[in-house]
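Good morning, colleagues. Please look at the sequence and the structure on the screen before I begin.

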Amino acid sequence: MKRADHLIQFIVLLARIGAGVSFAVLIGTVLIQVVGRFIGSSPVWTEELTRYALLFSVAFGAGLSFRTGDLVNVDVICEALPGRAPWVLRLFAAIVTAGLAIYLLPHAWKYVSIGKMQTAPALGIKMHYVHFTVWLMLALLAVFASLRVLGMLAGTEDGKPRKPEED
């Protein structure tokens with residue numbers, strides 16, 4: 001179990017670093033944009049990079065949000081049910097989330113491959129780097145949902161969202 005815990009913590013760390021870096025790029029780009037508009041003109045590439053950084057922030061943050069329960073967590077009715085029903089519903093929700101994300105991964109990869117033929121107008125980068133955010137978001141969502149399912153079936157967790165202070 002120690003190896004599994006270390007692997008989970010490593011994946012969480014990578015996702016947090018990715019979200020942090022993309023958010024830092026977003027903040028820096030918006031700052032350049034605001035200062036540029038204040039002094040007369042902002043660089044044209046800032047608008048594009050802001051959108052791309054936001055996409056990467058969402059891609060890295062989706063799995064983390066699932067883990068902490070900040071993504072979508074309607075537990076008012078679920079947790080009020082008697083007995084083992086809340087646990088079963090949490091397991092079902094994690095299985096459905098993982099299954100849907102895994103099902104969509106190959107389709108998202110087709111979307112990524114379309115970007116090889118396109119170039120961003122201002123930055124001049126291939127769009128498959130930007131389109132990759134859709135696949136990354138689904139992959140991380142599948143990973144974190146699958147980890148929840150495995151943890152619940154192994155009895156190491158109850159399926160409730162894990163807040164960062166609990167890690």
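Over the ring of which residue does the charged end of Arg 148 sit? The ring is that of Phe 66, and the charged end of Arg 148 lies 4.3 Å from its centre. I should state at once that this is a predicted model, and that side-chain atom pairs were counted only at pLDDT 80 or more.

Let me set out the overall architecture. The protein chain contains four helices and zero strands, so that, on the DSSP assignment, its elements read α-α-α-α from the N terminus on. The C-alpha trace spans about 65 × 35 × 35 Å along its principal axes. Of the 167 residues, 35% count as buried.

I return to Phe 66 and Arg 148, since both appear in the lining of the largest cavity. The structure holds one cavity of 30 Å³ or more, and the largest cavity has a volume of about 60 Å³. Besides those two residues, its lining includes Arg 67, Phe 144, Leu 147, Glu 157, Lys 160 and Arg 162. Which helix supplies the largest share of this lining? Helix H4 does, with three residues. Helix H2, residues 45–68, and H4 each contribute at least two. By residue class, the lining divides into five charged, three nonpolar and no polar residues.

There is a further case of a charge over a ring. The charged end of Arg 84 is placed over the ring of Trp 87, at 4.1 Å from its centre.

I turn now to the aromatic side chains. A pair of aromatic rings is described by the distance of the centres and the angle of the planes. A search of the whole structure yields four aromatic pairs. Why is the pair of Phe 132 and Trp 135 called stacked? The ring centres are 5.5 Å apart and the planes meet at 25°, so the pair is stacked, because planes under 30 degrees apart count as such. Both residues lie in helix H4, residues 128–154, at a separation of three residues, or about one turn of the helix. Phe 132 is partly exposed, with a relative accessible area of 27%, and Trp 135 is likewise partly exposed at 25% relative accessibility. Together with Trp 109, Phe 132 and Trp 135 form one aromatic cluster.

Helix H4 also contains Ala 145. Is Ala 145 buried or exposed? Ala 145 has 0% relative accessibility and therefore counts as buried. The C-alpha atoms of Ala 145 and Val 88 are separated by 14 Å, with their positions 57 residues apart along the chain.

Finally, I come to charge pairing. Side chains of opposite charge can pair when their charged atoms come close. How many salt bridges does the structure hold? It holds one, in which the side chains of Arg 37 and Glu 47 meet at 3.9 Å, N to O. This pair links distant parts of the chain, with Arg 37 in helix H1, residues 2–39, and Glu 47 in helix H2, 10 residues apart. Arg 37 counts as exposed, at 56% relative accessibility, whereas Glu 47 counts as partly exposed, at 37%.

To close, I would draw your attention once more to helix H4, which holds Phe 132 and Trp 135 and supplies three residues to the lining of the largest cavity. Thank you for your attention.

Definitions and conventions
Residues are numbered from 1 along each chain as its sequence is written. This is a predicted model: local features need pLDDT of at least 70, side-chain atom pairs count only at pLDDT 80 or more; totals for chains, interfaces and linings use all residues. Side-chain values use heavy atoms; hydrogens and water are left out. Rings of Phe, Tyr and Trp (its six-membered ring) pair if their centres lie within 6.5 Å; planes under 30 degrees apart count as stacked, over 60 as edge-to-face and the rest as tilted. Buried means under 20% relative accessible area, exposed over 50%, partly exposed in between (1.4 Å probe, protein chains only). A charge sits over a ring if NZ of Lys or CZ of Arg is within 6 Å of the ring centre and within 35 degrees of the ring normal. On a 1 Å grid over the protein atoms alone, a cavity is a set of points where a 1.4 Å probe fits but cannot get out, and a pocket is an open set with protein on both sides within 12 Å along at least five of seven lines; lining residues have an atom within 4 Å of a point. Grid points are joined across faces, edges and corners, and a volume is the space filled by probe spheres set on the points. Ala, Val, Leu, Ile, Met, Phe, Trp, Tyr, Cys and Pro count as nonpolar, Asp, Glu, Lys and Arg as charged, and the others, Gly among them, as polar. A salt bridge is a side-chain nitrogen of Lys or Arg within 4 Å of a carboxyl oxygen of Asp or Glu.
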